[in-house]
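I opened this structure to look up a few things. My entries cover helix contacts first, then open and closed spaces.

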Amino acid sequence: MSVGTACGKIILFGEHAVVYGRPALAVPFSELRASVTVKARTGQGIVIRARDLGREILVGDTARDDALAAITRLTLDKLGKSDNLELEVSSEIPLASGFGSGAAISTAIVRALASYFNSSLTPDEISTLVFETEKLYHGTPSGIDNTVIAYEQAIRFVRRPIGEHEILPIHIARPFTLLIADTGIASPTKVTVGDVRQGWERDPERYERVFDAIGAIVSEAQDALAHGENAQLGELMRRNHQALRALGVSSDEIERLIAAGSRAGASGAKLSGGGRGGNVLFFVEADEANVVRAAVLRAGAARVIVTVIGEKA
Ligand code: MEV
């Protein structure tokens, strides 16, 4: 039996604009993981059991549009292997919540299969395989989710043609506390990315201006992180969120949580990921985290996680 695991991800700055070639900053979120075990099957073929998703898939020719079946086939092709296998998928990462659950499950499948066949794949090879299934989940993904999850490293990402993305590790000089509030609302990235695309097609100039503004915020944030100027991060998050609002990907629930957390002392907040649901990030001082946590829970957050970014970098 072999096991593969993968972390989730948090986009700190730059979501959506990253689809249009602007930079974004993302960090691995290791507290929540997806995990896959692979073992030999006595019956014929490959079966994937994903109890959390309530699914059992027999991998066959008809399952080409299923992401779990697709990544299994792609990985076996890449490894040049075929066998009768049983895959057991489990994940602590909530679905459609901005944590990259789909990319994490796919990455865990690739790692478990590679380990089962005693092969090793580079982070770039894993990321390229997983990107294929991201297209099934997300339509036109930038590639940032599969990249940060496969590398499990804080990165600055700029979308380029596949295989040529700019992927640079980022330096976080001083760790900082991030409070992550889950709206409890599942919001598929495919929908918000599609809506932004429609808006951009209607009014490209306005959207390009917003994307440029987000790109500039990302560069300022990267500098602030590199120089330990964490006091700037709250304001940069506020500005990034305003730009995301202008793209139409916020929601009443997100705004309610942001208002409550800000009143309770968070110096900045923004949605993270696709938006309209999923997660909201709050930049907090460590000693304020409990007060902000209580306030966003009162305002309706489904759950709150407090984490320190940069400690393990
Ligand atoms: C989703 O985690 C981030 C988006 O920018 C989409 C993408 O980059 O593929 C919204």
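**Entry 1: H1 and H3**

Are H1 and H3 roughly parallel or roughly antiparallel to each other? I kept in mind that this is a predicted model. I looked up the axes of helix H1 (residues 67-79) and helix H3 (residues 123-138). They come within 9 Å and cross at roughly 150°. Angles over 145 degrees count as roughly antiparallel. H1 and H3 are therefore roughly antiparallel to each other. I noted the hand of the crossing too: right-handed.

Next I listed the residues that meet. From H1 come Ala67, Leu68, Ala70, Ile71, Leu74, Thr75 and Lys78. From H3 come Glu125, Leu129, Val130, Glu132, Thr133, Leu136 and Tyr137. I sorted the residues of this contact by kind: nine are nonpolar, two polar and three charged.

**Entry 2: H5 and H6**

I turned to H5 and helix H6 (residues 204-226). Their axes come within 5 Å and cross at roughly 120°. H5 and H6 are therefore oblique to each other.

Which residues meet here? On the H5 side I found Val196, Gly199, Trp200, Glu201 and Arg202. On the H6 side I found Pro204, Tyr207, Glu208 and Phe211. The contact of H5 with H6 holds five nonpolar residues, one polar and three charged.

**Entry 3: the largest pocket**

I looked up the volume of the largest pocket: about 540 Å³. Its lining has 37 residues, and the closest to the pocket centre are Glu134, Tyr137, His138, Asp145 and Thr189. Tyr137 was already in my notes, in the contact of H1 with H3.

Which elements give two or more residues to this lining? I wrote down strand E1 (2-13), H1, helix H2 (101-116), H3, helix H4 (144-151) and helix H5 (189-202). H2 gives the most, with four residues. By kind, the lining of the largest pocket divides into 16 nonpolar, 14 polar and seven charged residues.

**Entry 4: cavities**

How many cavities of 30 Å³ or more does the structure hold? I found two. The largest cavity has about 40 Å³ of space.

I then went through the lining of the largest cavity. Ala96, Ser97 and Gly98 are among the lining residues. So are Ser187, Thr189 and Ser272. Gly273, Gly274, Gly275, Gly277 and Gly278 line it as well. I counted one nonpolar residue, 10 polar and no charged in this lining. Thr189 appears twice in my notes: it lines the largest cavity, and it is among the residues closest to the centre of the largest pocket.

Note on methods: Residues are numbered from 1 along each chain as its sequence is written. This is a predicted model: local features need pLDDT of at least 70, side-chain atom pairs count only at pLDDT 80 or more; totals for chains, interfaces and linings use all residues. Side-chain values use heavy atoms; hydrogens and water are left out. Axes are lines fitted to C-alpha atoms, for helices over the stretch in contact, and angles run from 0 to 180 degrees between N-to-C directions. Angles under 35 degrees count as roughly parallel, over 145 as roughly antiparallel, 65 to 115 as roughly perpendicular and the rest as oblique. A crossing is left-handed if the near helix is turned anticlockwise from the far one by less than a right angle, and right-handed if clockwise. Contact means heavy atoms within 4.5 Å. Ala, Val, Leu, Ile, Met, Phe, Trp, Tyr, Cys and Pro count as nonpolar, Asp, Glu, Lys and Arg as charged, and the others, Gly among them, as polar. On a 1 Å grid over the protein atoms alone, a cavity is a set of points where a 1.4 Å probe fits but cannot get out, and a pocket is an open set with protein on both sides within 12 Å along at least five of seven lines; lining residues have an atom within 4 Å of a point. Grid points are joined across faces, edges and corners, and a volume is the space filled by probe spheres set on the points.
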